[in-house]
Amino acid sequence: MQQNHTQLADDSYFAAVTNAIRTETTKLLSEGTVAAVIGYQAGTRAGTVIPTIITDAAKAGDLVFSPGCVNNLALYLTKAKKEVRPAGKVAIIAKGCDMRALAGLLGESQLKREELHIIGVACVGVKGAGAGSGEALTTGTIARKCRECTVRAPEGADVVVGAVPPLPEFSPVEAEELARLEAMTPAERWAFWKGHFSRCIRCMACRQVCPFCYCEQCLCDRNRPQALETTPRPAGNMAWHIVRAMHLAGRCAGCTECERACPMDIPLNLLNRKMARELKTLYDFEAGLVPVEKGPLTEYREEDDQSFIK
Amino acid sequence: MSRIGVFVCHCGENISRTVDVERVAAYAAQLPGVAYATDYKYMCSDPGQNLLKKAVAEHQLTGIVVAACSPRMHEKTFRKAAQAAGLNPFMCDMANIREHCSWVHENRDEATAKASDIVRLMVERVKRGKVLEPITVPVTKRSLVIGGGIAGIQAALDIADAGHQVVLVEREPSIGGHMAQLSETFPTLDCSQCIMTPKMVDAANHPNITLYSWSEIESIDGYIGNFSVTIRRKARSVDEDKCTGCGVCMAKCPQKKIPNVFDRNLGLRTAIYVPFPQAVPNTPVIDREHCLKFKTGKCGLCAKACGPQAIDFEQQDQLVTEPVGAIVVATGFDLYSIDRKPEGSSIEGYGEFGYGTIPDVIDGLTFERLASASGPTGGKILRPSDGKEPKQVVFIQCVGSRAREKGISYCSKICCMYTAKHTMLYHHKVHDGRAYVFYMDARTPGKCYDEFWRRAVEEEEAVYIRGMVSRLYQRGDKVVVMGSDTLVGVQVEIEADLVVLATAVQAQPNADSLAQKLGISYDKYNFYSEAHAKLRPVECATAGIYLAGACQGPKDIPDTVSQASAAAAKVMTLFAKDQLEREPIVARVNERNCVGCFACRKVCPYGAIEEKEIRDRQGNLIRTVAHVNPGVCGGCGTCQATCPSKSVELDGYTDEQIVAMIEAL
Ligand SMILES: Cc1cc2nc3c(=O)[nH]c(=O)nc-3n(C[C@H](O)[C@H](O)[C@H](O)COP(=O)(O)OP(=O)(O)OC[C@H]3O[C@@H](n4cnc5c(N)ncnc54)[C@H](O)[C@@H]3O)c2cc1C
Ligand code: SF4
Ligand code: SF4
Ligand code: SF4
Ligand code: SF4
Ligand code: SF4
């Protein structure tokens, strides 16, 4: 596809966000408001970043914000919390989509709001799969999820850094993809997913990277009784993906980390979005907007749609 | 190594007719882990049970499968037998080869094969069974009764007479409920007040009864034997301890024109009031909406007049908490409001009958107030519009009831009888008057009930017209009733002076929200559900909560009182023990795996899941995990199905057992 892509934000936007993060971090750590800040630092290759945890105000200068900041840092508050989470309040850099994960985790008793300091980033978007590390953020390199983002200005953060410049209209790639999926007959859809899932190598990267897969022992790892076949064979793969889809239904924040981590390019986020759509139609529920007492699948309401019970 | 014994029952011929029981036993005998298998004509009989006991000893059995009827039938029987033989009772399970097999199949070979499958599954389950010990919980021997109608009063008196403390909570200023509003009662026509008032006074004076009137249930925690109830005592603005009930305040109150709801708005009352002269307690309440002191800050005449200085304009709602072991729900009923479609309700109104627009169309309860000697007319039947004595009265039965198209399909049960009563009361008071009744059927089962109805028709000159009314309208000072007489097959038109509608009995408008606080279930009409329609008609499915009176469904006074005494008997049975023993089929959390997401707590219908903090030796909090309170858990297994990481399981139904059963299939 030969097309002229426009750059979405000039370097000054990213520089401003980076500076604001550093200033906030210095303040928080030197005043002792938080014990640590979870953020991004430059990776070894130019243009890449890696998640990092800063506990020393002098290191605040290590923090960056760039179009490569794809990781959902909420992950480090749960799964890895035993190793990395120091005692006391923690600050975290959160894009709008990451905020959804935080809201979900608050509702699931995994976090306490008073133990969190959220540095929200008003986000233009991050780069998608296939974009080279040296490339700029353009209408061509922007991640698919960011094209249809509805949460650019994060709500409910303790502080918001950056200001989103005016952005062009994006064609809704994800919505079109979902529409194509929904247009299929059940048999076609089954074949579609069977085809994809049969390629899964059960590396569990999708689970490891998901902020909601914080279980001490995942159902998949149970062996007494064994819940799922663990070797990558079609039946077990199908079972795993059904488990994953169901366990994340009504919870998934839409960060697309699972899809990014998957070495086999399985369109996991398409399934996530399909589930989200189902919950929206059935229960008028959208995950992660505010922390909720009960999720759609753990609550019974008289007016709940029952038409699927046949 | 398991040594399971399998006992295949013929159930006379109930099972053996379709299932080859000998073949099933022979099949079971060769299953891995089965040490002994046999068949017998009646396993539940004494010799059958002895066979089981003997086999346990002879074959050193570690578990038992009885292949017979439903566990609902005989699980207890065989568990007891197993226990007598020295086994843990929960190591004995039943394979249902009757209801699930012989009764529903015809082909003998196929039924036998299926019975063998069922047995194999249960063997796998028992092999993985765990020794379980019964759970004991202490019992607080105090009872809460919610609602002070005849049901609540009767239940409270019975429990109190048995020597237990009772907390009686009534939402209105006085106890008495609907019965206090009635004039005379079928089938004997004795005066309702005369039989009710002494009971009300007994309840209030009983040393074992604490009466909270003008109070409501705020919240309920806990479980059978151990509830904790928070009660909101609404501000009365009158100190109950100081007030002597002299009534001077009411005489002084300048706000005298407030419609009295107790009199169905026919009579008037003051802003400081008791709903009726015989009220118990006889302590007035200030209706803050109408009181001038509350509205304008000026007045306070009542406070000046009150000798003992009982009036307290500053009084606030108070919350009191009471520990109780059992709860009787006796919140009664309400009458269907027929003039309009209640908001949000699936029930259609009866606007066509003119209720609410034509003043001389009233409901049955209003007629009771007109006929009552202590009512607004002193017992004279005078119609609301102009106070004249009506000479033609039309009664219409089944208004709202049995009208599926309007949203209520049930029969309100009391209307046939009270309408017959109304015609008699009318006949006794207005000798030259005529009573017409439009009815669909006359339903009069009950002791002396049909006789009573016949008396209305045959001796008291009521004209019964079988048919429904299609329309009512005002013409001059008459209400024209158009209907059909389906027996004769003609249209009828009656010029009535008064029309009385026998409107459907409905649940209290807030019945569902109280049910949700209590954790009890209710039907689609918001009547509370009993645990079993025939065999457990006074218990709720929620342990420790019992039902009395019209809150469970339409009822007359004899049925209400019977059920109230039955509920009291259930409470006394519960209180006869110091400790409750219950089945250990409860959920258990694997604290190593639980991540404290509390999805289980969100779905648990019994509120059994608590937070438990896991701390290290220094006392630092490491994790918060779920903990199941075994006294509360109902053993439903919902948590087990919900927990993503399967960190909570039901004892006796562990994943290991269930998966083994599925795999054996
Ligand atoms: C017009 C009419 C005539 C009748 N005539 C007869 C007759 O002649 N003979 C006969 O046998 N039966 C008759 N009945 C039926 C009789 O009224 C009922 O059987 C009886 O009143 C039922 O008693 P109850 O205690 O269950 O309910 P109720 O009398 O309704 O008492 C319920 C009590 O609970 C209180 N309450 C409700 N909700 C709450 C709450 N959330 N918290 C605290 N308190 C609460 C209410 O204020 C009330 O005091 C008649 C009924 C009607 C409508
Ligand atoms: S399922 Fe995927 S998209 Fe959803 S929260 Fe987990 S990692 Fe993010
Ligand atoms: S897939 Fe389910 S069980 Fe496994 S970690 Fe994720 S949420 Fe937990
Ligand atoms: S990351 Fe991809 S390949 Fe790995 S388990 Fe998940 S879906 Fe399968
Ligand atoms: S649902 Fe499972 S993991 Fe979550 S709190 Fe309950 S037992 Fe623990
Ligand atoms: S088994 Fe049912 S009642 Fe018991 S803890 Fe689980 S959800 Fe609650």
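**Exercises on backbone geometry and helix packing**

Cys448(B), with a relative accessibility of 42%, counts as partly exposed. The model treated in these exercises is predicted.

**Backbone at two cysteines**

Task. Determine the sign of phi at Cys448(B) and at Cys11(B), and state whether Cys11(B) is buried or exposed.

Solution.
- Cys448(B) is not a glycine, and its phi is positive, at about 65 degrees. This cysteine belongs to the loop that runs between strand S22 (434-439) and helix H12 (449-459) of chain B.
- Cys11(B), likewise a residue other than glycine, has a positive phi near 50 degrees. Its loop lies between strand S1 (4-9) and helix H1 (21-29) of chain B.
- Burial is decided by a cut-off of under 20% relative accessible area. Cys11(B) has a relative accessibility of 14% and therefore counts as buried.
- For context, most residues other than glycine have a negative phi.

**Cis peptide bonds**

Task. Identify the peptide bond preceding Pro225(A) as cis or trans, do likewise for Pro281(B), and locate Pro225(A) and Pro281(B).

Solution.
- In chain A, omega is near 0 degrees for the bond from Arg224(A) to Pro225(A), which is cis. Pro225(A) sits in the loop between helix H8 (205-209) and helix H9 (234-248) of chain A.
- In chain B, Val280(B) and Pro281(B) are linked by a cis peptide bond with omega about 0 degrees. The loop holding Pro281(B) is the one between strand S15 (272-273) and strand S16 (285-286) of chain B.

**Packing of H2(B) and H3(B)**

Task. Describe how the axes of H2(B) and H3(B) are arranged, and list the residues that meet.

Solution.
- Two packed helices are described by the angle between their axes and the distance between the axes.
- Helix H2 (residues 46-58) and helix H3 (residues 71-84) of chain B have axes that come within 9 Å and cross at roughly 40 degrees.
- H2(B) and H3(B) are therefore oblique to each other. The crossing of H2(B) past H3(B) is right-handed.
- From H2(B), the residues Gln49(B), Leu52(B) and Lys53(B) meet Thr77(B), Phe78(B), Ala81(B), Ala82(B) and Ala84(B) of H3(B). The contact comprises 5 nonpolar, 2 polar and 1 charged residues.

**Chain B as a whole**

Task. State how many helices and strands chain B has, and what percentage of its 665 residues is buried.

Solution.
- Chain B has 17 helices and 34 strands.
- Of its 665 residues, 55% are buried.
- Chain B exposes about 29100 Å², of which carbon and sulfur atoms supply 51%.
- Counting contacts in chain B between residues at least 6 apart in sequence, 69% join residues at least 24 apart.

Notes:
Residues numbered from 1 in each chain as written. Chains lettered and ligands numbered in written order. Predicted model: local features only at pLDDT ≥ 70, side-chain atom pairs only at ≥ 80, totals over all residues. Heavy atoms only, no water. Helix = DSSP H or I, 4+ residues; strand = E, 2+ residues; numbered from the N terminus. Buried < 20%, exposed > 50% of the residue type's maximum accessible area, 1.4 Å probe, protein only. Contact = heavy atoms within 4.5 Å. Areas by Shrake-Rupley, 256 points an atom, 1.4 Å probe, with all protein chains shown as cover. Axes fitted to C-alpha atoms, helices over the stretch in contact; angles between N-to-C directions. Parallel < 35°, antiparallel > 145°, perpendicular 65-115°, else oblique. Left-handed = near helix turned anticlockwise from the far one by under 90°. Nonpolar A, V, L, I, M, F, W, Y, C, P; charged D, E, K, R; others polar.
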